[in-house]
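Visitor: Got a minute to walk me through this one? I'd like to start with the charged contacts and then move on to the rings.

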Amino acid sequence: MFWRFGYHPTSNVDALVEREGATLEDLLDEEELLQECKSHNSKLIDFLCRPDILQKLLDTIITEHADETKKFKYPYLASEIFGCEIYAIIDAVITNPRLLESFWTFLERPAPINPLQASYFSKVNSILMQKKAAEMVGFIKSQPKSISTILTHVGNSSIAELLLKIISQEEIPEGAGIVMWLSQQSLIPSLVDRLDPNLDIETHNTAAQTLLDIIAVSYQNAGGIEQEEGAPISLGSGNSLVDELKSEAMMRKIFGYMLDKTAPNATSSLSSGVIIMIELIRRYCSEIEQAEYQQHQFQTQIMQARGGQDFGILPTTEKMKSLAVDLNDLLKVIGEKVEDFSYLLEHPRNMQPTDTTIGKSTPLGSERLRTCELFAEILHLQYLYFSSPLFERLVFGDLVEDEDVAMDGVKDGAMEVDRLSTGIESINLKKRNVADELSSISELLVKANVLPMCLSLFFEFPWNNFLHSVVYDMIAKVFNTYSFTSQSSNFSAVGPDGVELVTDGIVNPLEEKMKEVSIIFKKLVVSILVDGQLTARIVGAQRRNDADVAQPRGVRLGYMGHLTYISDEVSKLVEKCFEDFGPEVAGLVNSEDWQSYLNGVLRDTKERDRQPLGGMRPAVNMHSASSSFGKVDEADIPPLGAAPPPKIGAAVGGSIGFGAFNEKDDDKSAEDGDPSLRTYGNNGSKDWQEGNFD
């Protein structure tokens, strides 16, 4: 109770800082230092805010020491003092630029720097940016070599995190403009230059990972669908750094590095470049899906409309315009390089036979796998784009203003389609959009025979499940895209509110556009079935598998599970679109070998996969067991006011009656409801996502 009258125990830290000639080292040796900092000891804070002490405190973090205590303990304690986020200390550092300039000389050291010191350096700067964002952004901009020195050590994870922290300052008012300044400092070109195939593999990995992180942070800061009432809708397409990365100049440079024929580490450049392209495509797909969700919400609300209800907000015209051309440069350059990639599928660089458990064999290699992944991602984008409910708005734009939508969602369909038709000529004069680039790439894939090449690799490497999953995804997306675009009922003219328009015989431009897309994808389907001889190869693979399994200690080939999925996709396509194809395809799918496979092996495999795992449960009366479980027999309930029943042991002279339980009731509780049986669907989509192959 003494503290109620001001009797506080004297701290050793207080005595130390009051002593004449006290040093920082003496203070760092005190066990109560951090606790006193967290309790905001005023005498300690005044001592630490002295310029000479602050200088020594920052130097302690970045100075190399031979002594173990000074090497590990002192830097840790110094960084933790800043981690206490004491305003007076942070303000004292910020108001003295010389302290920060001296601190940032740490980045001027040659690589590699001490990772422990780098982590403390990054931590202190992150805290300073969190508390004094405007001042720290101004300081970073004032340093002529701040970005170049950061890039020198960007391979260090702590320094890379510091760079991302700087980029993320764009989302707060105090840091507005930092992204544009970073763009002016040639951040993206400097990172892209590090993908040069003449540089080492570690440099490639570091540059690629940094670019991936920048993409993630940029889209995260751009905002999503959730908007405050009355706030403008964010376009959500990254920022100027991502726009610069997606520019035609950067794309040509990256693909030039990826396809270099003489550089020693071109394969590493290709792998890193493909990862970046895939990430950009996936972010774009995410933007499409977000806009679809926003429009779906609007349409759902307008269909359930009541008087005075707010319908929400449609994706804006600016958003649609941005999405319509967002990946133009990337897709354009990929289209120009399709022939080069197809050559790599047949002639990989620096690929020599290696010893394996089955003898010498030429491996698939990351080069060919990454190339297949790139094409698979493009085909996935095509399916998402051409089957999107936003396709009309993306291709033709918003030719009718949102105000034309009546409260009940009804509008003049003939007028709408007429406006759409009259606007086609002006739309055709505009620059190419994503749909045009995707259609061009599809034509080039057919011309370069890419999909049959990927099929050949599928069967050539029976144990590479990474390749099998990629090729299956390619085939499924091509078949599904064609199935969708070939059905005219999928693209009836609709307004922004989702209500189908009455056309009265007027030509629907959307239908015409979809027919063009359908023709292109029909060529891709024919390329897979005819040029790739898919059905014959599946039958041949099944026979090879049967022969291998029949051998002593034989095992199934690694791609058999994926062949079941692919065969299902072929069956679904033929069932929906058989009449669309000529006699060549009809001859393949009606061949005796293929029909025998469908009605024999495939049917048996699917039937087996539908069986519950572990076999059937024992035959019992499931209904009676489940219905009686947990129920109480009303006849056993004594009447109200009756004496309580005797205890179990009372009837046997006080002994415990273990045999007193009703065996009939025990039998009834043996089963708890009907068993939950796990079955597989025809397409096995659930197991496919979980990776349960073969």
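Visitor: OK, how many salt bridges does the count come to?
Guide: It comes to 25 salt bridges. Keep in mind that this is a predicted model.

Visitor: Give me one with its distance. What does Lys-132 form a salt bridge with?
Guide: Its partner is Asp-91, and the closest N and O atoms are 3.5 Å apart. Lys-132 sits in the loop between α9 (115–131) and α10 (133–142), while Asp-91 belongs to helix α7 (residues 87–94), so the pair ties together parts that are 41 residues apart in sequence.

Visitor: And is Lys-132 buried or exposed?
Guide: Lys-132 is buried, at a relative accessible area of 12%, since the cut-off for buried is under 20%. Asp-91 is partly exposed, with 26%.

Visitor: What about Arg-283, which residue does that one bridge to?
Guide: Glu-279, with the closest N and O atoms 2.9 Å apart. The two are 4 residues apart in helix α18 (residues 266–303), so about one helical turn separates them. Arg-283 counts as partly exposed, at 26% relative accessibility.

Visitor: Which residues are linked in a network of salt bridges?
Guide: Glu-248, Arg-252, Lys-332 and Glu-336 are linked that way.

Visitor: Switching to rings. How many aromatic pairs does the structure hold?
Guide: There are 16 aromatic pairs. One of them is Phe-341 with Phe-375, which is edge-to-face, at 6.0 Å centre to centre and 85° between the planes. That pair links distant parts of the chain, 34 residues apart: Phe-341 is in helix α21 (residues 338–346) and Phe-375 in helix α22 (residues 365–386).

Visitor: Are those two rings' residues buried or exposed?
Guide: Phe-341 is buried at 0% relative accessibility, and Phe-375 is buried at 1%. Another edge-to-face pair is Phe-386 with Phe-521, 5.9 Å centre to centre with 80° between the planes. Phe-386 lies in helix α22 and Phe-521 in helix α29 (residues 509–531), so this pair ties together parts that are 135 residues apart in sequence.

Visitor: Which residues form one aromatic cluster?
Guide: Phe-103, Trp-104, Phe-106, Phe-121 and Phe-139 do.

Visitor: Last topic, the core. Which residues touch the most other members of the largest nonpolar core?
Guide: Leu-27, Leu-48, Ile-167, Leu-187, Tyr-385 and Phe-479, out of 182 residues in that core.

Visitor: What does Leu-27 touch, then?
Guide: Leaving out residues up to four places away in sequence, Leu-27 touches Val-13, Leu-16, Val-17, Leu-33, Leu-44, Phe-47 and Leu-48.

Conventions: Residues numbered from 1 in each chain as written. Predicted model: local features only at pLDDT ≥ 70, side-chain atom pairs only at ≥ 80, totals over all residues. Heavy atoms only, no water. Core = buried A, V, L, I, M, F, W, Y, C linked by side-chain atoms within 4.5 Å. Buried < 20%, exposed > 50% of the residue type's maximum accessible area, 1.4 Å probe, protein only. Contact = heavy atoms within 4.5 Å. Salt bridge = Lys/Arg side-chain N within 4 Å of Asp/Glu carboxyl O. Phe/Tyr/Trp six-rings, centres within 6.5 Å; stacked < 30°, edge-to-face > 60°.
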